[in-house]
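This report covers a single protein chain. It starts with the nonpolar core and then turns to one residue and the overall fold.

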Amino acid sequence: MISRKSETTIGLRLAVLWMFFSVPVVQAAETIKATMYKPLRCGCCDDYAKYLEQNGFEVEIKSLRSLSQIKRMAGVPQGFEGCHTLMVDGYVVDGLVPVNTINKLLTERPNIKGITLPGMPWGAPGMDSRPKDAPLVSYSFKADSSTTSVYAQD
Ligand SMILES: [Cu+2]
């Protein structure tokens, strides 16, 4: 016959075991954290943030009156600016860059400061109420100069 004391001990041990095994299983799938600096009112930036969240990113949004200081700090070349600036995993991702291209960047990890998709072209994520009329070209840029080159086309 089992005494009350040992029954309690067994129960406690099971509880500890359950906690031990259940904790790792409960962990959420891995997300990539990103910070987005956007103008106060920009619908396509909000849609773009949602698009990123649907594709495994966790986006913290910071709305600013002016992005010019952020663009300068980020080193985005003049004339190549997108409508917002995203900081992700050590890179600058400016504008409505398709997620395939961001994943390519984070996998290849080239020695660049970042990439940018200039303007707000139709068909880009966040601007997809109309189909694209030209390929979406993302340009890479380096920290030490304003030279750009084509990084990807979607
Ligand atoms: Cu926008």
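## Nonpolar core

In this predicted model, the largest nonpolar core comprises 29 residues, and Val88 and Val93 have the most contacts inside it. At least two residues of this core come from each of strand S1 (32–39), helix H2 (43–54), strand S3 (85–88), strand S4 (91–95), helix H4 (99–108), strand S5 (114–117) and strand S6 (137–141). H2 gives the most, with 5 residues. In soluble globular proteins, nonpolar side chains tend to be buried together.

Leaving aside residues up to four places away in sequence, Val93 touches Leu86, Val88, Ile102, Gly114 and Ile115.

## His84

His84 is located in the loop between helix H3 (68–74) and S3. Is His84 buried or exposed? His84 is buried, because 28 other C-beta atoms lie within 10 Å, and the cut-off for burial is 20 or more.

With residues up to four places away in sequence not counted, the contacts of His84 are Met36, Tyr37, Lys38, Cys42 and Cys45. The C-alpha atoms of His84 and Gly95 are 5.3 Å apart, although the two residues are separated by 11 residues along the chain.

## Overall fold

The protein has 4 helices and 7 strands. Their order along the sequence is α-β-α-β-α-β-β-α-β-β-β.

The protein has 154 residues, of which 27% count as buried. Among contacts with a separation of 6 or more, 53% are between residues 24 or more positions apart.

Technical notes
Residues numbered from 1 in each chain as written. Predicted model: local features only at pLDDT ≥ 70, side-chain atom pairs only at ≥ 80, totals over all residues. Core = buried A, V, L, I, M, F, W, Y, C linked by C-beta atoms within 7 Å. Buried ≥ 20, exposed ≤ 12 C-beta atoms within 10 Å, placed from the backbone. Contact = placed C-beta atoms within 7 Å.
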